[in-house]
Structure formats: structure tokens, C-alpha cells
Amino acid sequence: MSSTIESSNYPMDGTGVIQLDPWLEPHRDVLKHRFQVVETWAKTINETEGGLDKFSKGYETFGLHAQPNGEITYKEWAPNAKEASLVGDFNNWDPSANPMTRNSFGIWDVTVPAKDGAPAIPHESKIKITMVLPSGERIYRVPAWIKRVVQDLSVSPAYDAVFWNPPANELYKFQHPRPKKPASLRIYEAHVGISSPETRVATYKEFTKNMLPRIKYLGYNAIQLMAIMEHAYYASFGYQVNNFFAASSRYGNPEDLKELVDTAHSMGLVVLLDVVHSHASKNVIDGINEFDGTDHLYFHGGAKGRHELWDSRLFNYGNHEVLRFLLSNLRFWMEEYGFDGYRFDGVTSMLYTHHGIGTGFSGGYHEYFGPAVDEEGVTYLTLANEMLHELYPDCITVAEDVSGMPALCLPHKLGGVGFDYRLAMAIPDMYIKLLKESSDDEWDIGNLSFTLTNRRHGEKTIAYAESHDQALVGDKTLMMWLCDKEMYTHMSTLTEFTPVIERGMALHKMIRLVTHGLGGEGYLNFEGNEFGHPEWLDFPRAGNNNSFWYARRQLNLTEDNLLRYKFLNEFDRGMQLTEQKYGWLAAPQAYISLKNEADKVLVFERAGLLWIFNFNPTQSFTDYRVGVDVAGTYRIVLDSDDAAFGGLGRNAKETRFFTTDMSWNGRANFVQVYIPTRTALVLALESTL
């Protein structure tokens, strides 16, 4: 399938993707229909709201806003309410003090007059909206657009809304421009709260001081921050969001988060937010569920509005005000905090009415264009990508989709949904299956390379060797699968380098390198996995007596020279820096010249580099002949067996490999190399060093 299309040659009806993938021809009418639905929504927004730009600035008028003259305006959508008032510490929670007025669309607003020229609602004081329902019942809710909520466990586990309006001298002022969008995306996925070896919640300030230099040192150019949008349940990993416009107060205040993002920018790091628009927490007291007393304000009513597996609420993407809320939410995090893009969580749930529950995907195109597709979800995601890329040309959007929907990562004008990247979710599953079910000599090199390269070309993919879910209690990371209990007894350099540890470290490096080299156009690693973190993640909960013992990352392990974790850490750095120099993620797909099942050897070329993997558990090969297209003298630029990476150092770094002018494995030349057992070599032309 061709990966490019001349912009002047595609039809303007959503069927341009068919020129890229002719197998989509039977679905021409569906592609046209989807395109037209998005165009109709865009036209409606243009006519009623003045365009996507204006429509997505809802956060400028909805919620609470301090005005220059000291007045405070408050606006909220609650069509079921018969009365509404803003209450809080400032008016002694008196519902009659600041009543709101309603317009014909069910939008309420009020202006709180200034008090002696200053805002009448003090900074950080508690507030709520109270409403009277048609039944006469009075309810109290946290404002839906609130920017700050806090928890006082000595009073209640519920979160309280506070008015965030610090004095001018306490507001963080951004000092650094956003970095340009990287050609090669190397993502370090991190969770602020666990980013410390200490048994407590780490802070934004600590992340800025300790983690940003670490991520920069390792050679990543992007950070993906999890669990930033406020979530009442810490153990949800941030995926049960209560307050969509509030940065989690567990880690500090909003200005601290702004400093984190700005400091990352000063280091050339782009920062992506893990955004959860696939569902919302079902909390009523401190969430947006049943906000105006109905179950169908922001969400679908009844069973359609509930995700049975996640025990959460599902958005109604076909509602005008819900679109305003969600699109404005994306815009808000870009504008207020300076984020550079998003990893959209749970995209499969948004794309299909079955939400991926109890459904497998065979890859048959009928699965992507039949009645199971949620047209409203597809439309919302397309509008979101259109808005973000139009307003922020360097914005990066990543889809977490397990289904493999065609055109997910192509622009709307070609008939796509508009994401920049999709996550290669089949890759980590393959490694778990290999390690669980196959002995090393049974590894299928052909299947390994097929899984790593089986992606829709022309649509960019982010590869990763293991997911953050594997780090959670009850699951296993790759290092745990490989080394198990010996991680606790033999990761010291003072102990025997046992066969289990030797194998574990070798395969940990090789799996990551082959994933990086073959698996996609981007690479992702979850915090701690780069060095084989020895313990799972288990957030404080009733089942573990609310312990923080496992709710942390022991990043200090790489700084102990007597532990072998430092070697895996250095190898990860070597990988990222070599990619930074040669840019293989931005290069065309690799050419695989050898998949030798008997020898367990895999050879490919990408970005002018020659990659050689010997997965054989027992055999090393001397003078092994491998094909290479470009003639010249080659040198080693990365060797998983390097002593600096905890290997046995069986290849001398200064070795020069000369090509022979004779075709081999379909390549114009060959070189002969020594490839020790369980070793990967990356060679480059000497002239590029």
C-alpha cells in the first residue's frame, strides 16, 4: 500500500483513502457518509458558534472567571434544573444570596459583584452549585468546569471544589516555546505520583527536579503523563476521571504543573497528556454524573450510558453541549498548561457500540464499516483531531485502539479520523505469549518479525515492548517473566551472574531493540521498565491496607553501581541516542533479508543501518554471512553484549566489517560477522560515525 498521495489528486468526499488502500473500495459509500457527517457537524458549529476555534473556547466563559474589575462570572449547563445558585464559604452557603438566571438552552449564569474592588470569593475557598429539581429536591454539585478540587480525608473522601485565583505574583509565567514536533517520537510514559522510591505520593515539583533530567539523559524526546486529570480513586491509574478541567491536586497545585511542562520544553521535551474522553467516573457528589439530576446530561441515558466492565459513564458524543465540553477540554489543556498533544485512552470503546467488550477483531474490513461502528464516536474523534491540528500544527495525537480500524491515522480530508499515531497493542501481547508458552528454541522468528511489521503503512504506529498494565499487581513485566525470583537474589554485581540473569538481561535488551527497530514510527516505554524494575505496582487500597509500599518506582536502583539495573538503564539510553543520531523511526519500513528459523537469526536494514539479532539460546556463529545493500566499511554502533550494558563484551567495538561485492539474501553485498548467542548488533557505515 502506498504511503503517500498527491494532495491535488484525492477526491473531496472522504474516499481518498481508497487510493492508498484499494481493498476499501466496497466501503466507498460508508466512507462518504462518515465524511459528510463530520462536514455537517462542522457546518452546524460554524453557523451557530462561529467555528471550531470559538466553539472550543468554552472554558473562557463556562465555569468561574475573575474579571479585571473584581467581578466573578459563573456559567453552567443544567437544563433539568428549575432553580440554580452559586454557594460557598463566601456567602455562608446561602442559596438565596447568588441566584443564577437561565436561558432557553438550559444554560445558567450569575455575576458575583466585587467587594471593595476585589473578588468576593477568596482564592482557594470552597464553592458549589446548588440546584432545585422539578421534584422539588435540592442538590449540590461540584461545578462541571471547575479547575481545582481538593480532598480532606479527615472530613470526607469526596473532593471539594475550590476557586483557584492566586495573586498575580503567584501565577506561573511560561518562559519557553513549545519544541517542534519530533520527526522520531520516543515517548517516556510516566505517572507523577509514583515517581519516587519513597512510600508516598510524589509531587509535580519533585518530578520536575528529579524525573525530567533523568528522561532527558535517557534520550527520550517526549513525555506522556498519566493520571493528571483529577480522579477520586488513586488506584484507577487516572482512568476514572471526575473533574475534566482540574489537574490532580494530589501532586501539587496548577502552577506547579505549568512549571513542569515549561521546564520540559526548556529541555526540548514535548509533553503529551493521557486524556480520558472514552468514559467518566460515575461519582455524583464530586463528578459530573447526574449533574442536573438526570442520568443523560453529559452521558447517554440508561444502559447505553454505562460501561459494564469499567463501571463508568459513557459520553453522548452526538450532543452539541457535550461536544463543546470535550473539545474545549482538549483546548484548555493545550492553552492553560502548554501540553503538546494527547494520548487518547480507550479509543476502541469510542469507535464501536459494543465498546470492544467480548469482541475480537479478525482484521476483516466488514468489522470497521458495519453497524457496530459508533458513528457519533468516530465523528467526535475526527472533529477533535481536525480542531487540534488546525489550531496547533505541531500537536501530536495518539490513539489507543486495539481494533486496527483503517484510516484512523489519516487526515479527515482523505476519509480518516485524523490521529498522528496508533499504539501497536499486539506487540506486547506477542512477547507475553512467547515467554509464557514457548521455550527459547521454539521462538518463531518469522512470526516475531511479522507481528512487528504488520501495520497499515501510511499510518504511523508507536511500538512498545510492554504496557503499563503489565506493571500492575497480578500481572508481570518482561523482566519478571524472564528472571522471576532471581531478581531479588542475583541482580547484584557481587553475586554470581547466573544463567537465568544472563538470559533475562540479554533478552530484555534484544526484545526492546527489535521492537524499536522494526515495530513502528514511534517508540514508548513505561517508567521503570527501561531498567527492569523489580516490583509490580499496587496503589493504596483496602485490599493492601492502603499501603504505598508498591505504589512507587525505585529509580534509585540504577544509581547503585553494585546492581545490574544500571546496565539495562544504559542500554536503553544507548538505544534512544542511536535513534536520535540515525532517525530510523522516521525512516521507511525496514527491509528484512533473513529470518532463519534453524539458527534463530533475524537480519534487516533500516535508515542505512544493518541490524543482526541472534536469538539462539545455545549457539554463537562465527563469520556469519549477512546481506547488505550498500557497500562500504561498517562498524558497530550498538551491541547488546557490550560490557557497558552488562554483557560479556564478545565483539570488539573497533572491529571493521568490509562488504564483499556478491549478492546474498537478495542484497547486493554481504559482510561476515561474529554473532554470539542472545546478542544483537547494529552496524553503520564508518563514514557516519
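The following questions and replies go through some features of this predicted model and the reasons for the terms applied to them.

Me: Why is cysteine 409 not counted as part of a disulfide?

Reply: A disulfide is a covalent bond between the sulfur atoms of two cysteines. To be counted here, a pair of sulfur atoms has to lie within 2.5 Å. The closest cysteine sulfur to that of cysteine 409 belongs to cysteine 395 and is 13 Å away, so the two are too far apart for a bond. A search of the whole structure likewise finds zero disulfides.

Me: What makes cysteine 409 and cysteine 483 buried or exposed?

Reply: The word buried is kept for residues under 20% relative accessible area. Cysteine 409 has a relative accessibility of 7% and therefore counts as buried, and cysteine 483, with a relative accessible area of 3%, is buried for the same reason.

Me: How do you know whether tyrosine 337 is buried or exposed, and what is it in contact with?

Reply: Its relative accessibility is 2%, and because the limit for buried is under 20%, tyrosine 337 counts as buried. Tyrosine 337 is found in helix H6, and, once its neighbours within four places in sequence are left aside, it is in contact with Phe174, Ala247, Pro254, Leu257, Lys258, Val261 and Phe332. One of these partners, alanine 247, is 90 residues apart from tyrosine 337 in sequence, while the two C-alpha atoms are 9.5 Å apart in space. Contact is judged on heavy atoms within 4.5 Å, so the C-alpha distance is not the value that decides it.

Me: What makes a set of residues a nonpolar core, and which residues have the most contacts inside the largest one?

Reply: The residues must be buried, must belong to a fixed list of nonpolar types, and must be joined through side-chain atoms within 4.5 Å. In soluble globular proteins, nonpolar side chains tend to be buried together. The largest nonpolar core in this model has 182 residues, and those with the most contacts inside it are Leu225, Leu257, Tyr298, Trp333, Phe344, Tyr380 and Tyr431. Helix H6, residues 320-337, gives the most to this core, with 10 residues. A second, separate core has 18 residues, including Val626, Val671, Val673 and Leu681. As for tyrosine 380, its contacts beyond four places in sequence are His277, Tyr317, Leu323, Leu326, Leu327, Leu330, Phe344 and Met350.

Me: What is the phi of alanine 407, and where is this residue placed?

Reply: Alanine 407 is not a glycine, yet it has a positive phi of about 70°. Its place is in the loop between strand S18 (396-399) and S19, and at 3% relative accessibility, under the 20% limit, it counts as buried. Aspartate 623 is not a glycine either and has a positive phi of about 50°, but its place is in strand S25, residues 621-628.

Me: What makes up the lining of the largest pocket?

Reply: A residue belongs to a lining if it has an atom within 4 Å of a point of the pocket. The largest pocket, with about 890 Å³ of space, is lined by 36 residues, of which Trp310, Asp345, Glu400, His468 and Asp469 lie nearest its centre. Helix H7 (347-351) and helix H10 (426-437) are the elements that give two or more residues to this lining. By class, the lining has 16 nonpolar, 13 polar and seven charged residues.

Terms used: Residues numbered from 1 in each chain as written. Predicted model: local features only at pLDDT ≥ 70, side-chain atom pairs only at ≥ 80, totals over all residues. Heavy atoms only, no water. 1 Å grid on protein atoms, 1.4 Å probe; cavity = no way out; pocket = protein on both sides within 12 Å on 5 of 7 lines; lining within 4 Å. Points joined across faces, edges and corners; volume = space filled by probe spheres on them. Helix = DSSP H or I, 4+ residues; strand = E, 2+ residues; numbered from the N terminus. Nonpolar A, V, L, I, M, F, W, Y, C, P; charged D, E, K, R; others polar. Buried < 20%, exposed > 50% of the residue type's maximum accessible area, 1.4 Å probe, protein only.
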